[in-house]
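Could you walk me through this structure, one piece at a time? I'd like to know how the chains are divided up and how the parts touch.

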Amino acid sequence: MMIDIETLRTCVRDGVDFVKKQKDVIDVEIFASWNEHITVRLNYTSDIPCNGVHEPKSIQYNGIGLLAVFGTGKGVKVGFGSVSNNITKRGVVDAFQKAKRNRIYDPDFKSLPLPFGKVVLENYHDPAVMEIGDEAIVILGWRGLKGAITEYNKKNFNNSIIIGGDITIIKERMAIASTKGIDDFDETTILTTNITSMVEREGVKGTGWCASTHLSDFKPEDAGCDSVLSAINTIGGERISTGTYNVVFGRQPVTDLFKNIVIPALSLSSINASDSPFIGKLGQKISSELLTVYDDGTISGAVGSKKVTCEGIPTGRTDLINNGFLVGFLANNYFSRKLENIFTSFVPRNGFRYQNGGRYHNVQPKICPTNIVIEGKEEVPNEALLTKINDGVYIGRIWYTYPINGLAAGDFTSTIVADSYIVKMGKIYKPLKPNTVRLNNNILDILNNIIAVSSEKKQTIVWGGEEVVLAPEIAVEGVKLDSISGFLY
Amino acid sequence: MLEYRSKIIATRIKIEHIDTIKDSITKAIGRALSLKNCNYADIRFGINETKYASAEDGKSKCMGEDVSISFGARVLAGEISSWGYFGQSLGEAEAGQKSIYKKLTSGIERAYTRALANAGKKAEFKHSAPSLTAVILAGIDVHKDTINAVFDKEPREVKLKGIINLCTGISLDMRNISNDVKYSLIHIQTGVNRELFCSTEGACIDQTYALTQGGVCVVAQKAKGVPESYCDYMGDIHGWEVLEGKNVYKQALSDFALLRTRETLELTEAEFLPATDEPVVVVTNPHFNALLVHEIVGHPTEADRALKLETAYAGRSWLFRSFDDNELGKQIASPLLTAYSDPAINGYGHFKYDTEGTPSKRVNLIENGILKGFMNGREYAAILGHSPNGSMRATGPYYVPLVRMTNTVFANGDKDPKEIISDVSDGYYIVNHRIPSISESRENFRISAQKVYKIEKGQITKLYRHGGITSDSKDFLMNIDAVGNDFEVFPIPNCGKGQPMQIMRVGNGGPTLRSKAKLTGHQKL
């Protein structure tokens, strides 16, 4: 059962009125949300019995999260309590009792968030997504499959075919109020699809994806078709030998590198834990001057956009890297205030309670990106990137990217799994055989060796990621690539 | 105006509440049988009671004591039998018998509607995609059983204040070891989880397990040096005694945390390990092998990966390309090596029945180097023509079950680990796992280690940092020439799989091994 915005707002407003009158309470913040996360998982295998749409499924949850500040004889204490599926007065009382029982003395806690800035986005969700029915979600899944199967049939590929991926729909409603004057709400709809196609006997894999806030713009069949075309285009791939190459990173690898390495290192939570290669580098040059990166939660139509954070602060633009210089970090209220005497004060535009694909009442705000925008100082068309590297490799999809020696060391590794090509004399020469190359590099080298950034960008999401990257393609010099898996391919 | 009631916390829902609503759950599953073309349904209903706390640098960060209630309904319906699923978290206020029955029947109906719609589209597409088939579940014996949690010290009786004091005390002690310790974090959770599984086949399995876990993170740095960080865990499916020394390390959490802190400090003074272009002799310790077996044996022997269901996410398996072209029955490792998955032994993968009600059993994955089988669930067992072996697990009742590792390990050998090292004239000792990166079909890996030591003339000598090993998986497995007799199972708390991603606790381990691999190091700027 859906819970409407008015119910959430009434609950948090009345709740604040009640809690602020309780003994020892100095301040209180109440967050309430309702979320539904729908996944229609695809699995078509031409040579193995399968379901096509393997399972349409969903998780629903709602509840209250309450953070109270208590003045006691021993100083200020803070306590967090939550209740599930009880957006009522009774729910507030239960959450308050838990907060009271759970209170602790944390000397790093300075204050609840204060109102700041103005909201940009209003009414940007799609009511049609909020109301989507059980049969309609199943149909979306089959539309994605149809796009892929039809394309395979057109190209006369009938066996050794794999089509996998999902349609994901996220519906979020939240409201927040506090004794500091925060009083706001938000309503979001997100649709994404990621489809992977393979012709397994050829060892090729292709990817297609799309993301939208509105049902009318959502075309899973196009993603299915794109994935097939990309797979077929990479048939006949060749291996490369171990060495250092000039590389064009496509949108998925750019997103993967930012999601797993760069953005975590640009979060104040990593700075707090002394675990970032960017500690002590604020104001310094950390990358090629061609690179500018910022987080912007106000982009209309982008699926990472929100009206307000889960702390009730209007979203906005947070500059992170400007023409190669480190200019900011992603922050929530807690870390912004804790570290404001060490750095400068960063506006807490990234305090979100993301969990299970929604805004979860049961956790306190973490630092999460919204839409990460990557820009170049002098952007060039995609084709010009190949000219820039002349000879090298176009990398279209990487996998399992991790900071292998800890985030602060900057070392990372991953493997090239799909959508990739060998480049000669500024042009695509031949496909690169998937799963035969491992990247072993340091992220600071990659950032400093950028030689061009493309002007065309696309909303890109990778598995397990909370953020959307408006990703260009990026050309980089001197990337170490190791030949692997000689026993198999 | 709200009414203040002080007794609410004292009367909150506990896992024992399942006793009072069992009838509502079995009645709800009975309702599924009346739905037209409903071929199968099951419900998992769970209550979890947990206490938790964390502290950084000697300062309290959070503590709490909570209960979560949720259920998942899974339905097979339609002429071409297809899946539909619905999951939901519930509140304490709606845990009464009538309310539960209403929620469960509504959930079954939602899952049923989805299954029917899915079956209809499957029929429509079948002419252009002939491999689309009805779901068949391999048969199992239907059980009614109750499994009680095993612990020495009941997690629910541990005082919350004691947990937070332990966190702050240990993290302060870590920080006080040296000014070079830049960050210390301790987090603890302890609780009990009870889950009831009921199916239209008549199964009714009521399982309760305790869980206690302590986590340690430390960052140390010399002036102007590269920070050294390390995180590690202790934990088991038992009570508070786990953190008092009844664990794989045979150490209390405080001793474990201080040891990891001193090791991290020692590493800040070590040289970076130089990478090699060619394989060298490496001896890997049981803690390192826990992650190694997880990544290069456990994951590729999950039947859903073998059957390509994870192609878009966690990857396929190089062990199964097709029914006609796979490694079953073939030599994929040294004859010295055996690996298995066993929910009966102690560890995070311990249980008696999986989330489909299949009795758990030891699954022999590799016997003397020969690939013998895959971990599976009922649907995948039917496709492969194997017997169900009870390897379906879910992070919570509202998640769909997936094929998961249980306690997946390299089997014990017979060689003294000291001898394994002393036989090496020139090699490296790889100690304790850190971070993995594995190829898509698990055919190649790079895994970093907490510490790497040089072995010279049978002696452990110089310590290196930021090191690890990389190899094609088959090469590493085939080159194993010694297996130790120091078998241990370690807790792996964060294995991600599925969409939406589920984070699962599994047990992994083994004894000391000796093989060959290339060394990896710090990519110096």
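Here is a tour that goes from domains to chain contact, then to the core and the strands.

First, some ground rules. This is a predicted model, in which local features need pLDDT of at least 70 and side-chain atom pairs count only at pLDDT 80 or more, while totals for chains, interfaces and linings use all residues. Residues are numbered from 1 along each chain as its sequence is written, with chains lettered from A and ligands numbered from 1 in the order in which they are written.

**Domains**

Let's start with chain A. The domain assignment gives domain 1 (5-233) and domain 2 (243-483); bounds like these come from an automatic or database domain assignment. The C-alpha centres of these two domains of chain A are 22 Å apart. Their contact uses 50 residues of domain 1 and 39 residues of domain 2, where two residues are in contact if their C-beta atoms, placed from the backbone, lie within 7 Å. On the domain 1 side, β6(A) gives the largest share, seven residues. Helices (H or I, at least four residues) and strands (E, at least two) are DSSP runs, numbered from the N terminus.

Chain B is assigned domain 1 (9-47 + 68-145), domain 2 (155-270) and domain 3 (280-520). Domain 1 of chain B and domain 2 of chain B have C-alpha centres 36 Å apart. Here the contact takes 20 residues from domain 1 and 16 residues from domain 2. Among the elements that each supply at least two residues of the domain 1 side are α1 (18-32) and β4 (144-147) of chain B, but the largest share, eight residues, belongs to β1(B).

**Where the chains meet**

How many residues does each chain give to the contact? Chain A puts in 92 residues and chain B puts in 82 residues. On the chain A side, the largest share is eleven residues from β2(A). That strand also pairs with strand β3 (residues 82-90) of chain B, in the parallel sense and over two bridges; two strands pair if DSSP finds at least two bridges between them. Within this pairing, A:Q60 sits opposite B:Q88.

The table sorts three contact sides by residue class. Ala, Val, Leu, Ile, Met, Phe, Trp, Tyr, Cys and Pro count as nonpolar, Asp, Glu, Lys and Arg as charged, and the others, Gly among them, as polar.

| Side | Nonpolar | Polar | Charged |
|---|---|---|---|
| Domain 1 of chain A, touching domain 2 of chain A | 22 residues | 20 residues | eight residues |
| Domain 1 of chain B, touching domain 2 of chain B | twelve residues | three residues | five residues |
| Chain A, touching chain B | 36 residues | 36 residues | 20 residues |

**The core**

Now for the inside. The largest nonpolar core has 310 residues. A nonpolar core is a set of buried Ala, Val, Leu, Ile, Met, Phe, Trp, Tyr and Cys residues joined through C-beta atoms within 7 Å. A residue is buried if 20 or more other C-beta atoms, placed from the backbone, lie within 10 Å of its own. Strand β4 (residues 161-178) of chain A gives this core its largest share, ten residues. Residues with the most contacts inside the core include A:V12, A:I30, B:A73 and B:I430. Leaving aside residues up to four places away in sequence, B:A73 touches several neighbours, among them B:I43, B:F86 and B:L104.

**Strands of chain B**

An open sheet of six strands in chain B runs in the order β12-β11-β10-β15-β22-β21, with mixed pairing. Its edge strands are β12 (370-371) and β21 (488-497), each pairing on one side only. Eight bridges connect β21(B) with β22 (residues 502-510), and the two run antiparallel; here B:P491 faces B:G507. Helix α5 (residues 286-298) of chain B lies across five strands, including β10 and β22, at about 120° to β22(B). Axes are lines fitted to C-alpha atoms, for helices over the stretch in contact, and angles run from 0 to 180 degrees between N-to-C directions.

Last stop: strand β23 (residues 513-520) of chain B, where six of the eight residues are buried. Which strands pair with β23(B)? Strand β9 (residues 280-284) does so through five bridges, antiparallel, with B:V283 opposite B:R514. Strand β19 (residues 468-472) also runs antiparallel to β23(B), over three bridges, and there B:T470 has B:K518 as its bridge partner. Finally, β20 (residues 482-483) joins β23(B) by two antiparallel bridges, placing B:A482 opposite B:R514.

Note on methods
Buried ≥ 20, exposed ≤ 12 C-beta atoms within 10 Å, placed from the backbone.
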